[in-house]
Amino acid sequence: MSKETFNPTRFNKSKNPSFDEVLDVHLSRRKILKGGLGLGAMATFGAFGLAGCNSSSSTAVGGGDTPSATLNFNSIAGSKIDAVSVPEGYTAQILAPWGQPINATATAWKDDGSNDAVDQNNAMGMHHDGLHFFPLNDASTDGLLCVNHEYIDQNALHPTGTDADADGIRSSIDQVRKEIAAHGVSVIRIQLQDNGQWMMLDTDPLNRRYTGATVMDISGPLAHSSKLATPFSPDGSQARGTLNNCGNGYTPWGTYLTCEENWPGYFINTGTTTDEQDRIGLDTSGTTRYGWETLAGNAAERVDEFARFNVTPTGATAMDDYRNEANGHGYIVEIDPYTANSRAVKRTALGRFRHEGCTFGTLEVGKPIVFYSGHDSRFEYMYKFVSEKMWDAADADPTDRLAVGNKYMDQGTLYVAKFDADGVGHWLPLTLESATTAGGTLADSFAALEDIILNTAGAADLVGATPMDRPEWCAVDPITGSVYLTLTNNTRRDDTTGTNPANPRLNNKFGHVIRWDEGDAATDFSWDIFVFGSPADGDADTNLSGLGEFNQFASPDGLAFDKRGIMWIQTDNGADEVKNYTNDQMLAVVPSAIKDADGNADTINSENQGELRRFFVGPNGCEVTGFTISPDYTTMFVCIQHPGNWPYSTNAAEETPVGVDLRPRASVVAIRKNDGSALGV
């Protein structure tokens, strides 16, 4: 594609319908859509009436699919303290904070920051994010926890000061290696003790780190491509490291999926850039996010470990520089947690962009597997991948998990979403034969499928995908099969960029949650908006869902269902109207239990006002992110990222005393009921 094709301000101009027009069309087609594409979650746009709640009443369901869970806790008040808040009768434990050794090689955490790069390479990484629990021995009390580490805070990592000069030029090999090692993923074994506390087994052979320097295999359309060839991997079969690991997922065959999100900021090209580099946003001047490339040529550098972050073409061929290094990033990465020392695999068929989460759809034997992933950036898109192979239930318990990943994740079709005003949507395939809005096909702009994958977002531009308000985490309701997506915010949506049916608010700083049901054809779906974020005192144009004190929220981000049908919504709030009331939080709701007057699943409204409840609030300065739950539902694990002055003790709910200044540490928090029973109900 040409460099002039993408401009984020060219979308959604004056021809887009207003919100009122979308509302009218949607209401008139509601009954047709329910009978047409079978949207089990179709709601009325005219009944966003969710009021404040502080009720412990159970949810009742009549007919149809019935969730096994009913919420049975009081929605808690907001909190602005250096501690977490949980409902009465619950406890919250610090588990696996940043810097905790995962093997005997690392020395214990030092408050003065003197742990070196070797220590960090063998300890929990920084700024925890997505995570998942994988049981061992069919137990809910023994398992492997995979934890993402999104990025670093140099001030916390180097409390005595960073080595960077005023121009961002680095001088300390150990500091930079420590930063690279603090990125990536941790795999740790944890066990529940008799006292109700979880413990990491810090010498378990399954414990390991995948960092920004770990060698990984490339699979799918870009495996062995000349476009991934570097002096380190001349045949294009390998990449070094995984970076900015934000959202996550897992597979039906027992592997972990970690998502590379804001990776472009780690690379720089000060020469002639490529189309895909322009579209995705690589740096072109100054230094990269942390300036790692400025140590290139240092006498202590090993195998171009720093030079590779500068992708400026300087030689005659790709074997003379690292022009292709960034092409090895921007993917879904698969990890087998159960196999020690196994190589992680980058699954290129699922697209290359700023991935935020990866969730598989409802499984049916004899039908393809579907994976959903959003591109977390303003005016970006929602994608799904449909496997070529049909699901075989025998693959749920394989002897070689990564081989099963090869089967389902390396061949298939990648689609991008187009949301229409009438509540119907279309998945647009990203293949050479796909029609573009200009009247041609993608073959007019791309020579091969690997070129489409390298510039996934550019291809999506050409076919006419719907630009969204930062697509974040995706989750699938285990009761109805409906798919939910958080759209965290978009403060740049104005009269110039315009709105669209799925993103109807200008200056959308509060975000919303959208959902859809797949149609009979792989290209069809039906959609609606489940809930709009807002402060409780927002006006009628802002508080479209009628949120109250006990469930007001902004910037929905993390999203997950447990198998009982409870949906958990986490926030990364940047809106002062809500931020001034509460820190980032996690709310719960059972969507399939909410019914309209006809008994159909509906948007939360004034008749079921107590169904969205605040369950958890994080400490000052943090983001609440990542969700996983033990198979018996007695322990929930969430992550606290970039806290301000926390944690004070192993009790995550103990407030840091006034006058005590801590070196903040991201951590996994394990939440349990005092009586050890299933939580949330």
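The following exchange asks why certain labels apply in this predicted model.

User: What makes the pair Phe-133 and Phe-637 stacked?

Analyst: The ring centres of Phe-133 and Phe-637 are 5.8 Å apart and their planes meet at 15 degrees. Centres have to lie within 6.5 Å for a pair, and planes under 30 degrees apart count as stacked, so both conditions are met and the pair is stacked. By this rule the count comes to 33 aromatic pairs.

User: Where along the chain do Phe-133 and Phe-637 lie, and are they buried or exposed?

Analyst: Phe-133 belongs to strand β2 (residues 128-135) and Phe-637 to strand β29 (residues 635-641), so that the pair links distant parts of the chain, 504 residues apart. Both Phe-133 and Phe-637 are buried.

User: Why is the pair of Tyr-266 and Trp-292 called tilted?

Analyst: The centres of Tyr-266 and Trp-292 lie 5.4 Å apart, with 45 degrees between the planes. The distance falls within the 6.5 Å cut-off, while the angle is neither under 30 degrees, as stacked would need, nor over 60, as edge-to-face would need, so what remains is tilted. This pair, too, links distant parts of the chain: Tyr-266 is in the loop between β10 (256-260) and α5 (275-280), and Trp-292 is in the loop between α5 and β11 (332-335), 26 residues apart.

User: How do you know that Tyr-266 is buried, and what does Trp-292 count as?

Analyst: The relative accessible area of Tyr-266 is 1%, and Trp-292 likewise has 1% relative accessibility. Buried means under 20%, so Tyr-266 is buried and Trp-292 counts as buried. Across the protein chain, buried residues make up 61% of the 681 residues.

User: Which residues form one aromatic cluster?

Analyst: The cluster is formed by Tyr-250, Trp-253, Phe-360, Phe-371, Trp-391 and Tyr-408.

User: How do you know that the charged end of Arg-665 sits over the ring of Trp-109?

Analyst: The charged end of Arg-665 is 3.9 Å from the ring centre of Trp-109, where the cut-off is within 6 Å, together with a position within 35 degrees of the ring normal. Lys-384 lies over the face of Tyr-415 at 5.5 Å from the ring centre, a distance that also falls within 6 Å.

User: What makes Arg-189 and Asp-204 a salt bridge?

Analyst: The closest N and O atoms of Arg-189 and Asp-204 are 3.0 Å apart, and the cut-off for a salt bridge is within 4 Å, so the pair qualifies. Arg-189 lies in strand β4 (residues 184-192) and Asp-204 in the loop between β5 (198-200) and β6 (208-210), 15 residues apart. Both Arg-189 and Asp-204 are buried, and they are linked with Asp-142 in a network of salt bridges. The structure holds 26 salt bridges.

User: Why is the contact of Asp-336 and Arg-401 called a salt bridge?

Analyst: The N to O distance between Asp-336 and Arg-401 is 3.8 Å, and the limit is within 4 Å, so the term applies. Asp-336 is in the loop between β11 and β12 (345-347), whereas Arg-401 is in helix α6 (residues 401-409), 65 residues apart. Both Asp-336 and Arg-401 are buried.

User: Why does Lys-418 count as partly exposed, and what does Asp-420 count as?

Analyst: Lys-418 and Asp-420 meet in a salt bridge at 2.8 Å, N to O. Lys-418 has 30% relative accessibility, and since buried means under 20% and exposed over 50%, Lys-418 counts as partly exposed. Asp-420, at 16% relative accessibility, is under the 20% limit and so counts as buried.

User: Why is helix α4 described as largely enclosed by the rest of the structure?

Analyst: Eight of the nine residues of helix α4 (residues 173-181) are buried, so the helix is largely enclosed. Among the buried residues are Ile-173, Val-176, Arg-177 and Glu-179, and the buried residues of α4 pack against α2 (117-121), α3 (154-157) and β6.

User: What makes strand β27 largely enclosed, and in which sense does β27 pair with strand β26?

Analyst: Five of the five residues of strand β27 (residues 613-617) are buried, so the strand is largely enclosed by the rest of the structure. Strand β26 (residues 585-589) pairs with β27 in the antiparallel sense over four bridges, with Leu-587 standing opposite Arg-614 in β27.

Note on methods: Residues numbered from 1 in each chain as written. Predicted model: local features only at pLDDT ≥ 70, side-chain atom pairs only at ≥ 80, totals over all residues. Heavy atoms only, no water. Phe/Tyr/Trp six-rings, centres within 6.5 Å; stacked < 30°, edge-to-face > 60°. Helix = DSSP H or I, 4+ residues; strand = E, 2+ residues; numbered from the N terminus. Buried < 20%, exposed > 50% of the residue type's maximum accessible area, 1.4 Å probe, protein only. Salt bridge = Lys/Arg side-chain N within 4 Å of Asp/Glu carboxyl O. Pairing = 2+ DSSP bridges. Contact = heavy atoms within 4.5 Å.
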